[in-house]
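Biologist: Please pick one part of this model and take me through it slowly, then work outward from there. I'd like to follow along in the viewer.

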Amino acid sequence: MVQLKGKKHALVIIDMLNDFIGENGALRCENGEKIVPKIREAIDFCHENGIQVVHIQEAHRKNDADFRVRPVHAIKGTWGSQFIPELEPDEEKGDYVVQKRRHSAFSYTDFDLFLREESIDTVVLTGVWTNVCVRSTASDALYHGYNVIALSDGTASKDDDMHRSGLRDMDLFGEIMTTAEYMEAAKKKFSQNQQIV
């Protein structure tokens with residue numbers, strides 16, 4: 001049985017947006033559709049158990065410097081920057097949205113401030129791309145002093161090699177587990193009256 005680190009967790013959903021998921025996405029992550037059910041399962045579990053859910057949303061300006069190295073995508077206010085319908089944030093259940101213009105959710109955003117205000121010490125990462133935005137967020141989470149968990153079946157990249165590469169890197173400084181393993185470990189903590197929310 002995996003022992004969960006940290007006292008208070010946040011489930012973080014990275015860039016599950018129209019421009020990354022689906023055939024019409026400008027920067028489509030080909031394996032992104034496959035992880036939608038697992039992320040939905042994780043969100044529902046967290047909502048039921050009072051665990052904070054945070055949605056990370058790329059929202060670029062039209063002439064963003066990011067487009068010097070990558071195709072134009074996820075421009076703020078456009079269809080491409082919107083969340084896919086299956087994973088839209090639920091404000092009534094307390095979901096929080098962080099908009100970003102760089103790979104890491106921590107880079108020039110209020111993500112760290114929000115986590116500290118909520119006394120969260122552990123981030124549980126899902127979304128796309130494993131080897132780019134997820135890995136960058138994981139690295140910065142470590143630098144900011146957070147525990148890192150990445151869900152292997154709740155993250156995806158363009159191909160399996162990229163996905164494995166991202167997970168291998170994150171395994172050096174975080175925990176890699178499946179969605180089922182995370183939920184089972186969280187339930188065990190609940191049963192022992194140990195705080196993770």
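Modeller: When I say two residues meet or are in contact, I mean that they have heavy atoms within 4.5 Å. Keep in mind that this is a predicted model.

Let's start with a helix pair. Two packed helices are described by the angle between their axes and the distance between the axes. Take helix 3, residues 130–143, and helix 4, residues 160–170: their axes come within 9 Å and cross at roughly 15°. Anything under 35 degrees counts as roughly parallel, so helix 3 and helix 4 are roughly parallel to each other. The crossing of this pair is right-handed. On the helix 3 side, click on T130, N131, V134, R135 and A138; what they meet in helix 4 is M162, H163, G166, L167, D169 and M170.

Several of those residues lead straight to the strands. V134 and A138 also turn up among the contacts of L125, together with T137. L125 is found in strand 4, residues 122–128, and it counts as buried because its relative accessible area is 0%. Leaving aside neighbours within four places in sequence, L125 also touches V12 and I14, and then V148, I149, A150, L151 and T155.

That brings us to A150, which is found in strand 5, residues 147–156. A150 is buried too, with a relative accessible area of 0%. Its contacts, again leaving out neighbours within four places in sequence, are L125, M170, E175, I176 and M177. So you can walk from helix 4 by way of M170 to A150 in strand 5, and on from A150 to L125 in strand 4. For a sense of distance, the C-alpha atoms of A150 and G50 are separated by 19 Å, with their positions 100 residues apart along the chain. The C-alpha atoms of L125 and H73 are 22 Å from each other, at 52 residues apart in sequence.

Now follow the chain out of strand 4. W129 lies in the loop between strand 4 and helix 3, and the peptide bond leading into it from V128 is cis, with omega near -20°. Have a look at the backbone there.

Going back before strand 4, you reach S119, in the loop between helix 2 (111–117) and strand 4. Phi of S119 is near 60°, a positive value in a residue other than glycine. S119 is exposed, at 53% relative accessible area. There's a positive phi at A74 as well, near 45°. A74 sits in the loop between strand 2 (52–58) and strand 3 (96–100), but A74 is buried, with a relative accessible area of 0%.

While you're in this region, look at the aromatics. The structure holds three aromatic pairs. One of them is F106 with F111, a tilted pair at 4.7 Å centre to centre and 50° between the planes. F106 is buried at 8% relative accessible area, and F111 is buried at 0%. Ring pairs link F106 and F111 with Y146 into a cluster.

Zooming out, the unreviewed UniProt entry carries the annotation "domain: Isochorismatase-like" over residues 10–181. Across residues 10–181 the chain is 28% helix and 22% strand, with the end C-alpha atoms 16 Å apart.

Technical notes: Residues are numbered from 1 along each chain as its sequence is written. This is a predicted model: local features need pLDDT of at least 70, side-chain atom pairs count only at pLDDT 80 or more; totals for chains, interfaces and linings use all residues. Side-chain values use heavy atoms; hydrogens and water are left out. Rings of Phe, Tyr and Trp (its six-membered ring) pair if their centres lie within 6.5 Å; planes under 30 degrees apart count as stacked, over 60 as edge-to-face and the rest as tilted. Buried means under 20% relative accessible area, exposed over 50%, partly exposed in between (1.4 Å probe, protein chains only). UniProt positions are given in the numbering used here, feature names are shortened, and annotations may be inferred rather than shown by experiment. Helices (H or I, at least four residues) and strands (E, at least two) are DSSP runs, numbered from the N terminus. Axes are lines fitted to C-alpha atoms, for helices over the stretch in contact, and angles run from 0 to 180 degrees between N-to-C directions. Angles under 35 degrees count as roughly parallel, over 145 as roughly antiparallel, 65 to 115 as roughly perpendicular and the rest as oblique. A crossing is left-handed if the near helix is turned anticlockwise from the far one by less than a right angle, and right-handed if clockwise.
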